[in-house]
Amino acid sequence: MDAPQAPITQDVMTIKRVLPEGGPVNIVGLTRDQLRAALIGVGAKEKQAKMRVNQIWQWLYHWGVRDFDAMTNLSKDFRATLAEHFKIELPEVVTKEVSTDGTRKYLVRIAGGHEVEVVYIPETDRGTLCVSSQVGCTLTCSFCHTGTQKLVRNLTAGEIIGQVMLARDDLNEWPEPGQGTGANGPRLVSNIVLMGMGEPLYNFENVRDAMKIAMDPEGIQLSRRRITLSTSGVVPEIARTAEEIGCQLAISFHATTDEVRDKLVPINKKWNIEELVAALAAYPKVSNSERITFEYVMLKDVNDSDEDARRLIKLIEGIPAKINLIPFNEWPGAPYQRSDADRIKSFAHIIYKAGYASPIRKPRGEDIMAACGQLKSATERARKSRKQIDADAGL
Ligand code: SAH
Ligand code: SF4
């Protein structure tokens with residue numbers, strides 16, 4: 001009779017996931033647990049694995065080191081083992097454009113030759129990095145340039161956190177030996193917004209793992225209050241965002257009736273305004289976040305009437321909120337126009353009088369097409385189905 005098989009432990013399964021056969025594995029983007037399992041998989045002693053994770057983690061995410069040989073508190077042999085099985089790889093910057101207002105747009109290439117965009121927006125009191133989560137987007141919001149691009153694939157956690165790392169490279173933000181993170185005053189990348197290309201909640205696990213790395217106190221150390229995830233309204237994943245990431249939430253609301261929202265944000269046909277609002281009402285309690293940001297793109301004669309403003313206030317009653325009005329950013333062939341400045345002001349005033357902050361977002365980097373919703377890479381491939389995307393991501 002065959003001997004009973006030992007149960008497959010979580011660790012062994014994790015090792016299999018993170019150490020697929022063939023070629024070194026990118027160490028950037030592994031969670032602490034995955035890294036631990038991977039180190040054991042290449043011979044690290046179980047008892048020491050946690051310490052090794054800490055050491056490597058600090059080299060990667062605190063000091064920004066890109067060479068195993070520079071990890072001088074690890075033995076030479078262990079460094080050689082690491083170099084044999086792992087690589088430290090970031091997306092490659094193909095082009096960098098700098099706007100007259102200081103905004104930087106990076107076009108970066110990821111495995112498979114695909115390209116995504118990353119935008120850095122400096123302000124007086126902060127520096128915000130707008131990060132992409134997918135190549136293109138499966139959704140087809142009618143006012144969004146990215147929505148006209150066919151989705152190619154989800155980014156890996158390494159490709160998402162890699163965008164933060166390459167921006168820090170470009171801004172020369174890694175600390176010098178002897179300094180703590182941010183020791184030189186205000187941080188350059190002080191905030192992350194998941195508002196680049198793609199719908200982050202359709203790539204949940206990778207976005208979560210990357211943001212956990214960004215928040216880790218021994219690395220990049222960004223507070224969860226400085227990370228904002230923007231979603232078009234993937235209702236079933238909203239509670240999970242609160243529980244598993246705990247970052248701030250922004251919601252692409254954009255309309256006050258289902259009829260209009262169906263056209264602007266077609267995911268509304270799946271989860272309508274009522275279902276969305278119910279999910280949002282629970283969010284701040286679970287995540288302990290401050291307020292939800294309601295993003296509202298101002299489209300001339302489509303969603304910008306005083307009546308819309310009043311309806312919006314009614315719909316979100318009771319939800320701690322701020323409403324971010326985004327003047328529509330035009331792109332070649334766009335089917336909409338930006339609302340007039342006076343119209344936007346009148347809309348903002350109604351919201352303000354109802355007790356909500358209603359900032360009008362200043363378009364940044366317009367001269368380099370870096371503003372919200374203008375991102376679109378040149379690489380376009382055949383559209384994949386959700387099933388295929390999930391299969392590719394191993395879900
Ligand atoms: N997919 C996510 C995040 C990326 S888009 C989402 O939809 O929320 C980031 C924000 O820019 C969203 O609120 C989106 O609706 C908005 N946006 C898209 N295209 C725009 C455009 N052309 N002008 C102004 N805002 C736009
Ligand atoms: Fe995708 Fe967001 Fe653009 Fe809609 S607005 S198409 S969800 S990136």
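The exercises below deal with the surroundings of two ligands in a predicted model.

Residues are numbered from 1 along each chain as its sequence is written, and chains are lettered from A and ligands numbered from 1 in the order in which they are written. In this predicted model, local features need pLDDT of at least 70, side-chain atom pairs count only at pLDDT 80 or more, and totals for chains, interfaces and linings use all residues, while side-chain values use heavy atoms, with hydrogens and water left out.

**Exercise 1.** Describe the shell around ligand 1 and its polar contacts.

Step 1. A residue is near a molecule if one of its heavy atoms lies within 4 Å of it. By this rule there are 20 residues around ligand 1, and Gly198, Ser230, Ser252, His254 and Asn329 come nearest.

Step 2. Sort the shell by class, with Ala, Val, Leu, Ile, Met, Phe, Trp, Tyr, Cys and Pro as nonpolar, Asp, Glu, Lys and Arg as charged, and the others, Gly among them, as polar. The result is nine nonpolar, nine polar and two charged residues.

Step 3. Look for polar contacts (pairs of N or O atoms within 3.5 Å). A polar backbone atom of Gly198 is 2.9 Å from a nitrogen atom of ligand 1. Ser230 places a side-chain N or O atom 2.6 Å from an oxygen atom of the ligand, and for a polar side-chain atom of Ser252 the distance to a ligand oxygen atom is also 2.6 Å. On its own, ligand 1 has 530 Å² of accessible area (Shrake-Rupley method, 1.4 Å probe), of which the protein covers 95%.

Step 4. Assign elements, taking strands as DSSP runs of E with at least two residues and helices as runs of H or I with at least four. β10 (227–231) and β12 (292–298) each supply at least two residues of this shell.

Step 5. Compare with the record. An unreviewed UniProt entry lists Gly198, Glu199, Ser230, Ser252, Phe253, His254 and Asn329 under "binding site"; such annotations may be inferred rather than shown by experiment.

**Exercise 2.** Where do Ser252 and Phe253 lie, and what do they touch?

Step 1. Ser252 is in strand β11 (residues 248–252); Phe253 is in the loop between β11 and α8 (258–264).

Step 2. Ser252 counts as buried because its relative accessibility is 14%, the limit for buried being under 20%. Phe253 is buried too, at 0%.

Step 3. List contacts (heavy atoms within 4.5 Å), leaving out residues up to four places away in sequence. Among the partners of Ser252 are Ser230, Thr231 and Glu295. Phe253 touches residues including Ile273, Leu276, Phe294 and Glu295. Phe253 and Glu295 are 42 residues apart along the chain, yet their C-alpha atoms are separated by 5.7 Å.

**Exercise 3.** Which residues surround ligand 2?

Step 1. The shell consists of Cys137, Leu139, Cys141, Cys144, Gly147, Gly198 and Ser232. By class, four are nonpolar, three are polar and none is charged.

Step 2. UniProt, in an unreviewed entry, places "binding site" at Cys137, Cys141 and Cys144.

Step 3. Cys137 lies in the loop between β7 (134–135) and β8 (153–154), and Cys144 is in the loop between β7 and β8 as well. Cys137 is buried, at 10% relative accessibility, and Cys144 is buried at 18%.

Definitions and conventions:
A polar contact is a pair of N or O atoms within 3.5 Å; within protein, one must be able to donate a hydrogen and the other to accept it, and residues adjacent in sequence count only if both atoms are side-chain atoms. Buried means under 20% relative accessible area, exposed over 50%, partly exposed in between (1.4 Å probe, protein chains only). Contact means heavy atoms within 4.5 Å.
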